[in-house]
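Trainee: Please take a close look at one strand of this model and its partners, and then place that strand within the rest of the chain. I would like a connected account that keeps the argument visible.

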Amino acid sequence: MFFANCYKQVCCTILIWLFYTTAQAAGVPYSVAAKPWDESLGNHRAEIQVLKATGAAYVKIPWRRRGMDPALMGIIITDEKGTVMKNIFRVNMNLEAGELVFEPTTGAGKYYVYYMPYKGKKNNGSFQGDYLKPEDQPDTQWVTREQLSLPYRAVKEKAEVLQIQSRTAFDSFYPMEVCATGAEIQQLIRRSTHDFILFPEDRKYPVRMDHELPYRWITRQGPPSFSATANRNEYYAFQVGVYAAKTDLEDVTVSYSRFSDRLTCFNLEGVDADGKKFTRKVNVAKGKVQALWFGLDIPENPQQKEYTFTITIKPRNGKAQVVPVKIKLTDTLQADRGDNEPWRHSRLRWLNSTLGEEEEVIAPYTALQRQGNSITTMMHLVQLDNNGLLAAVNTNAGKNILQRPLRLIIETSNGIAQLTPGKIIYTKEKDAVISWEAQATNEALSLTCKGNLEFDGHLTYHTTVKATKNIVVKDVRLEIAVDKQTARYFMGMGLPGQSLPASYNWKWKGPQDSYWIGNYDAGIHCEFLGATYSGPLLNLYHPAPPPSWYNDNKGGFKLAASAEGAVATTYSGERTLQQGQQLNFDFALLLTPVKKQNVADQFTTRYYHNGSKPAPALSDLSSGIKVTNVHHGNGVNPYINYPFVAVDTMRKFVDYWHRQGLKVKIYYTIRELSNQAAEIWALRSLGEEVLADGKGGGYPWLREHLVDHYNVQWFTDIKGYERADAAILTSGKSRWYNYYVEGLKWLVKNEDIDGLYLDDVSFDRSMLKRMRRVMDAIKPGCLLDLHSNTGFSKGPANQYTEYFPFINKIWFGESFDYNNMSPENWLVEVSGIPFGLMGDMLHAGGNPWRGMVYGMTVRYPWYTEGVNCDPREIWKVWDSFGIADAQMHGYWEPDRIVTTSDSNVLATVYVKEDKLLIAVASWNKQPVKVKLYINWQQLGWNTAERQMFFPAIARFQEQQTLSVADSIEMIPGKGFLIEIKK
């Protein structure tokens with residue numbers, strides 16, 4: 001019902017980009033097939049005409065290609081019925097043209113030469129395949145009979161090239177990838193009196209090639225100029241291609257004769273992901289093409305009927321050239337600045353957005369309050385010492401986190417340096433953030449500490465050690481001493497979530513830069529900054545360690561536990577500092593838990609999550625599902641991280657399910673970007689700023705159009721779509737973050753979505769704040785849930801800790817071996833409980849018995865490792881018991897209401913006034929019999945004899961009734977849900 005218009009909508013978009021009518025280049029018509037042929041034949045063919053029956057026909061196809069050497073690729077020739085011609089004699093194959101002789105066994109008529117055939121398998125997530133190798137040698141008798149040899153003399157019947165076709169419009173090379181020949185380019189260069197040649201170009205024809213020139217440019221006459229028509233309120237984008245014809249161009253700059261306040265060149269200037277303005281240096285190597293993308297900001301009520309101005313383009317080492325521009329305005333008011341039509345490229349202005357950067361408190365957090373050197377957040381009380389470091393931290397329940405103040409120690413050959421602190425100076429005081437500076441000095445060193453605390457309990461420290469004379473520094477180290485009541489669990493720096501080890505030593509290796517020490521109700525997370533990337537996906541970007549902390553592998557980490565608690569020490573090792581030399585030792589802290597746990601929401605906000613079928617059956621609503629996550633790779637949200645194609649279908653889907661009482665969230669992240677993005681060519685013109693470099697390969701479309709310098713990522717063959725989704729890697733922190741935030745605003749406003757499903761994303765917490773502010777401004781109550789594959793992210797609870805203040809739920813996730821994880825690992829890495837969150841299980845359907853100890857089930861009806869996840873029978877027990885109104889008390893609490901006779905059998909109890917629901921599960925490797933011990937006094941119940949009722953739950957447990965005094969037989973890895981009435 002919702003997908004009917006989707007394919008039609010996609011085709012309409014392509015029509016605007018390209019064509020469905022025949023066009024020509026150098027006298028050869030180009031077109032798109034009326035119906036796509038079998039894709040194994042490749043995406044491109046030449047239609048030729050053999051005029052009369054002959055034993056051999058010669059044809060020269062001016063295919064004007066780039067990329068892979070045609071001599072290394074196979075050719076398939078068929079007649080109109082698809083019969084394959086067996087004999088092909090290659091005369092000459094190069095990127096400009098292909099010459100061959102073949103045996104047209106069908107006689108006179110049309111034939112098709114498929115010159116880029118491939119063979120491959122479309123997997124869920126990847127494409128495996130390659131272009132066909134050159135075909136078998138022709139039959140020797142035919143070669144002899146037709147007197148074929150090299151060098152070839154064109155004496156055979158000549159076939160006529162009727163047209164060059166692409167399988168779909170999206171596959172087409174026309175017009176911007178139909179290459180000029182070497183001779184044509186040389187002729188163009190000889191005609192020019194300039195070192196570089198300019199080619200203004202309409203936004204409908206993005207510059208795609210940086211090593212070749214499109215034939216379209218060869219035929220242009222006269223000096224460069226650009227004219228177009230735009231609408232009022234439109235953000236109008238256009239481009240100028242800069243071809244370094246005769247020399248390298250250094251530091252290309254642009255200037256404008258008028259309207260400089262309304263013009264932007266995205267390649268040369270912008271606003272970064274932190275809201276800071278910047279300029280970029282652009283060099284163009286000889287023989288290369290650089291597209292410069294411009295934007296003209298046209299107001300709703302302009303004072304003029306046209307914008308006439310000039311753009312002066314000048315390299316530092318060359319003479320300037322001027323491009324006259326005339327943009328004539330219509331009376332039409334452009335809706336949405338043009339953003340609802342991606343082909344217009346008006347969204348390029350999103351790259352420079354600062355949306356969501358405001359320093360404002362985000363709900364449900366409260367404003368910071370400072371009194372002296374004490375600062376109160378919603379969850380903690382923070383005290384600073386005179387060095388600006390943490391002196392003490394208490395939760396709002398009064399629990400100490402620190403054993404003693406943080407210490408940033410500088411050790412020299414004379415021992416630990418004694419520095420005299422000054423006074424803390426508060427440099428910023430707002431509801432959302434408080435910043436300060438402090439300095440301590442002695443005769444040889446100074447330590448400057450710049451810190452800030454945000455409303456959610458996140459602290460950032462930028463500390464600088466400076467030598468006032470030459471000095472040997474034995475070590476600079478950070479010591480965080482955690483109180484014994486808090487130091488119960490640990491994760492990070494190479495260790496999974498576990499009980500606090502007695503001691504541990506680690507050197508910088510692998511995707512690690514942080515750790516957490518804490519308990520279920522208090523803790524501290526520490527991340528070390530200074531690397532080129534410090535976001536959550538260290539295992540994807542593989543940055544070098546922070547240089548000051550790493551110190552050529554002299555630095556490391558050690559942990560020591562004692563009766564008083566634990567001391568985590570990050571050291572940097574010995575080095576010599578010269579007078580005036582300074583080093584930055586930066587780190588960030590997050591105090592946990594980050595919010596009060598919302599247990600009721602965990603049990604009422606139930607997810608429907610089905611990748612290929614985002615629409616549940618109406619009957620599924622009776623199970624209590626409240627949210628559907630619309631994954632990518634389906635008709636509603638076909639292309640990964642670019643949900644701007646099937647927008648009409650998506651809006652209909654959202655409206656329909658809203659009427660049924662269901663919230664709709666969509667998959668939309670940043671880590672990779674679909675090849676279907678309208679702006680992909682503009683992004684390529686930015687070099688590696690947005691799109692990461694790589695070795696190329698992958699799906700044929702990528703090889704044929706991007707050719708090289710890209711990194712292959714997720715692949716999806718979408719049912720009902722000719723265009724597969726072949727994503728490429730983005731570069732980490734960039735202006736694409738700004739685009740993403742604006743895109744989120746557009747989606748919430750125009751598609752009425754209720755939030756996002758985040759899947760192993762790469763951005764940092766600053767993005768989460770921006771996203772929250774944008775969603776809250778338009779539609780308060782939007783949801784964010786985070787999924788991660790620990791096989792990919794290598795410990796997501798530690799890598800993504802900085803996200804936790806701003807998300808609603810975690811889904812950790814793929815590669816978690818729930819059947820072999822310790823209880824400590826469950827609590828710390830999967831449950832979310834120590835951080836004020838709760839989560840769902842994923843991999844292989846999880847472990848439903850152990851999951852309920854942490855209040856977790858799977859998501860219906862996700863398919864994973866051969867398992868269709870179905871928690872509905874457990875949900876029925878939730879509802880019949882009324883679990884949403886119960887208080888949850890886990891085995892991790894010191895005053896446990898329910899314990900068992902076996903330390904490897906753990907119990908969590910959900911308490912209502914008149915009944916209990918106990919989740920009990922075994923971590924034993926052998927069957928055992930256990931008894932439950934219930935603290936009736938703590939409950940306020942009398943000690944009367946009571947019955948334990950085990951409700952029947954399909955695939956979970958059989959119905960039975962036992963006395964509370966009876967033993968329960970526990971099977972390894974399994975457990976029970978037990979009801980007891982008052």
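**Strand β43 and its setting**

Mentor: Strand β33 (residues 458–467) pairs with β43 in the antiparallel sense, over nine bridges. The model is a predicted one, and what follows should be read accordingly. Within this pairing, Thr-460 has Ala-588 of β43 as its bridge partner. Strand β39 (residues 523–528) also runs antiparallel to β43, joined to β43 by six bridges. There Glu-527 stands opposite Ala-588. Ala-588 is thus matched with Thr-460 in the one pairing and with Glu-527 in the other. In general, strands of a sheet pair through backbone hydrogen bonds, either parallel or antiparallel.

The burial of β43 completes this description: nine of its 11 residues are buried, so the strand is mostly covered, given that buried means under 20% relative accessible area. At the end of β43 (582–592) the chain enters a loop that leads to α7 (599–604), and Pro-593 is found in that loop. The peptide bond joining Thr-592 and Pro-593 is cis, with omega about 0°. A second cis peptide bond joins Phe-812 and Gly-813, with omega about -10°. Gly-813 lies in the loop between β52 (809–812) and α15 (823–831).

Backbone geometry of another kind appears at two further loop positions. Gln-147 is not a glycine, yet has a positive phi of about 55°. Gln-147 belongs to the loop between α2 (140–145) and β11 (157–158). With a relative accessibility of 69%, Gln-147 counts as exposed, since the cut-off for that class is over 50%. Asp-251, likewise not a glycine, has a positive phi of about 50°, and is found in the loop between β15 (235–243) and β16 (253–256). As background, most residues other than glycine have a negative phi, and most peptide bonds are trans.

Another covered strand may be set beside β43. In β2 (residues 28–32), five of the five residues are buried. Val-28, Tyr-30 and Val-32 point one way from β2, whereas Pro-29 and Ser-31 point the other way, and all of them are buried. Alternation between the two faces of the sheet is what a regular strand shows in its side chains. The pairing of β2 has two senses. Strand β1 (residues 23–25) is antiparallel to β2 over three bridges, with Ala-23 matched to Tyr-30. These two strands form a hairpin with two residues between them, and Ala-26 in the turn has a positive phi of about 55°. Strand β12 (residues 160–166), by contrast, pairs with β2 in the parallel sense, again over three bridges; in that pairing Val-32 stands opposite Ser-166.

A small part of the chain shows how edge strands arise. An open sheet of three strands has the order β47-β49-β48, with antiparallel pairing. β47 (672–674) and β48 (712–716) are at the edges with a single partner strand each, so one side of each has no neighbour in the sheet. Neighbouring strands here are turned by 25° against each other on average, direction ignored. Three bridges hold the antiparallel pairing of β47 with β49 (residues 725–729), and Glu-672 stands opposite Leu-729 of β49.

For helix packing, consider α8 (residues 647–659) and α11 (residues 736–751), whose axes come within 10 Å and cross at roughly 55°. The two helices are therefore oblique to each other. The contact is made by Val-647, Met-650, Arg-651 and Val-654 of α8, and by Trp-746, Leu-747, Lys-749, Asn-750 and Glu-751 of α11.

Finally, the whole chain. The secondary structure comes to 18 helices and 65 strands. For 982 residues, a compact globule would have a radius of gyration near 30 Å, and the 33 Å of the protein agrees with this. The C-alpha atoms fill a box of roughly 105 × 75 × 60 Å along the principal axes. Of the 982 residues, 60% count as buried. Among contacts with a separation of 6 or more, 71% involve residues 24 or more positions apart. The accessible surface comes to about 38,800 Å², and 46% of that surface belongs to carbon and sulfur atoms.

Technical notes
Residues numbered from 1 in each chain as written. Predicted model: local features only at pLDDT ≥ 70, side-chain atom pairs only at ≥ 80, totals over all residues. Heavy atoms only, no water. Pairing = 2+ DSSP bridges. Helix = DSSP H or I, 4+ residues; strand = E, 2+ residues; numbered from the N terminus. Axes fitted to C-alpha atoms, helices over the stretch in contact; angles between N-to-C directions. Rg over C-alpha atoms; globule rule 2.2 N^0.38 Å. Buried < 20%, exposed > 50% of the residue type's maximum accessible area, 1.4 Å probe, protein only. Contact = heavy atoms within 4.5 Å. Areas by Shrake-Rupley, 256 points an atom, 1.4 Å probe, with all protein chains shown as cover. Parallel < 35°, antiparallel > 145°, perpendicular 65-115°, else oblique.
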